[in-house]
Amino acid sequence: MAVYTRLGAEELARIVEVYEVGTLVSAKGIAEGVSNSNWLIETQSEAGSTRRFILTMYETRVEIGDLPFFLDLLDHLAARNCPVPRTIHDRDGASYRLHDGKALALIEFLPGVSVSEPTASQARAVGAALAQVHLAARDFGGSRRNGMGLQAWAELLGACGPDGLAAIDPGLPELVEHELRAVSAGWPAHLPQSVIHADLFPDNVLMLGDRVTGLIDFYFACVDTTAYDVAVTHAAWCFSPDGTRFMPELSAALLAGYAAVRPLSEDERDALPLLARAASLRFLATRAYDRANTPADALVTPKDPMAFARRLAFYREPCNAAVFSTSETAGQD
Ligand SMILES: Nc1ncnc2c1ncn2[C@@H]1O[C@H](COP(=O)(O)OP(=O)(O)O)[C@@H](O)[C@H]1O
Ligand SMILES: N[C@@H](CCOP(=O)(O)O)C(=O)O
């Protein structure tokens, strides 16, 4: 359940009044998501037409100082026809406002559902949408460093300690130590950089059939290696959720969909096997840390770190590097 803050009906109505969107007629807390509190808001204009919005209250994970980057990015991408929600500015023109010390934003509601068993056509569409974002963000003026990069993973994994990792799985301390070293030594510093989403999991994509209607949850977005974002999305979409089963048809389709919009250079393709190990390590790190630090009675159940240890084991097998080198990846869809 991701509604951490309670807001009463009168309070919500007063918040909505600050925007030129009509009056509040309903507000429902949204259970999905783990980081922020979200409400589905319905308003009515004087003429009687209704509109829907998402009201997000940023909880502890999002720094208020980063909000201009995240929210301006949404408006920039939406203006370039990327399927991302626009922000609704208040009567003073602000994209977010403070309420009892926490930041709030009203965001366009987009239709669609998050798929749990993606098809190849859906994976292709997601690859294309990701490439569209990478291209459309080229003239975005904002910048934000990746606070969830290699150093952060090392710190999170270090904070778990060998015993904490071994409590999850006896093989984890050795795997993590080896992979942190390998990824750090092999990180391809020369590749193109851009704004990246950095967390494009199926639950952050809204779809209607094979069409991507919404890319959401840009709260890890930053400037980093573009191909790393491809690797993150590959790790997120191309396996069964528990990481035991690689789905080759989803992989080929996702990479082909991406390359059809933004062909990957040879250097980027060559780097993908290592970047996919890096992406697996990143989600293994946050999940292991959350597993070790979430109280047993917490409202949110921590996600399984082993699902990404299994992906990591897949990507580090030299024979599996071939999944990234099909001719489709070069744009011949
Ligand atoms: N713009 C939007 N349009 C429609 N639904 C949305 C939108 N933004 C968020 N949601 C809904 O709210 C849920 C949680 O949003 P999300 O940004 O992923 O939260 P969190 O950052 O807490 O993970 C999503 O799974 C989706 O159902
Ligand atoms: N995608 C991450 C969790 C990040 O949470 P989000 O709700 O902000 O997407 C994972 O699966 O570990």
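**Exercise 1. Find which exposed residues lie on the face of helix α5 turned away from its buried side.**

Solution. In this predicted model, local features need pLDDT of at least 70, side-chain atom pairs count only at pLDDT 80 or more, and totals for chains, interfaces and linings use all residues. Residues are numbered from 1 along each chain as its sequence is written, while chains are lettered from A and ligands numbered from 1 in the order in which they are written.

Step 1. Helices (H or I, at least four residues) and strands (E, at least two) are DSSP runs, numbered from the N terminus; helix α5 covers residues 172-186, and its 15 residues reach 21 Å from first C-alpha to last, close to the 21 Å expected at 1.5 Å a residue, where the expected span is 1.5 Å times one less than the number of residues.

Step 2. A residue is buried if 20 or more other C-beta atoms, placed from the backbone, lie within 10 Å of its own, exposed if 12 or fewer, and partly exposed in between; the buried residues of α5 are Leu172, Val176, Glu179 and Val183. Seen down the axis of α5, these fall within an arc of 75° (taken over the directions from the helix axis to the C-beta atoms), so they line one face of the helix.

Step 3. The face turned away from that buried side carries the exposed residues Glu174, His178, Arg181 and Ala185.

**Exercise 2. Decide whether Asn81 and Ala198, each with a positive phi, are buried or exposed.**

Solution. Step 1. Most residues other than glycine have a negative phi. Phi is near 65° for Asn81 and near 75° for Ala198.

Step 2. Asn81 sits in the loop between α2 (67-79) and β4 (87-88), and it is exposed, with 9 other C-beta atoms within 10 Å.

Step 3. Ala198 belongs to the loop between β7 (193-196) and β8 (205-208), and it is buried, with 21 other C-beta atoms within 10 Å.

**Exercise 3. Work out where ligand 1 lies with respect to domain 1 and domain 2.**

Solution. Step 1. The domain assignment, whose bounds come from an automatic or database source, gives domain 1 (9-108) and domain 2 (120-330), with 28 Å separating their centres, taken over C-alpha atoms.

Step 2. Ligand 1 is surrounded by 21 residues (C-beta atom, placed from the backbone, within 6 Å), of which the closest are Glu32, Gly33, Ser35, Pro85 and Asp217.

Step 3. Both domains give residues to this shell, so ligand 1 lies between them.
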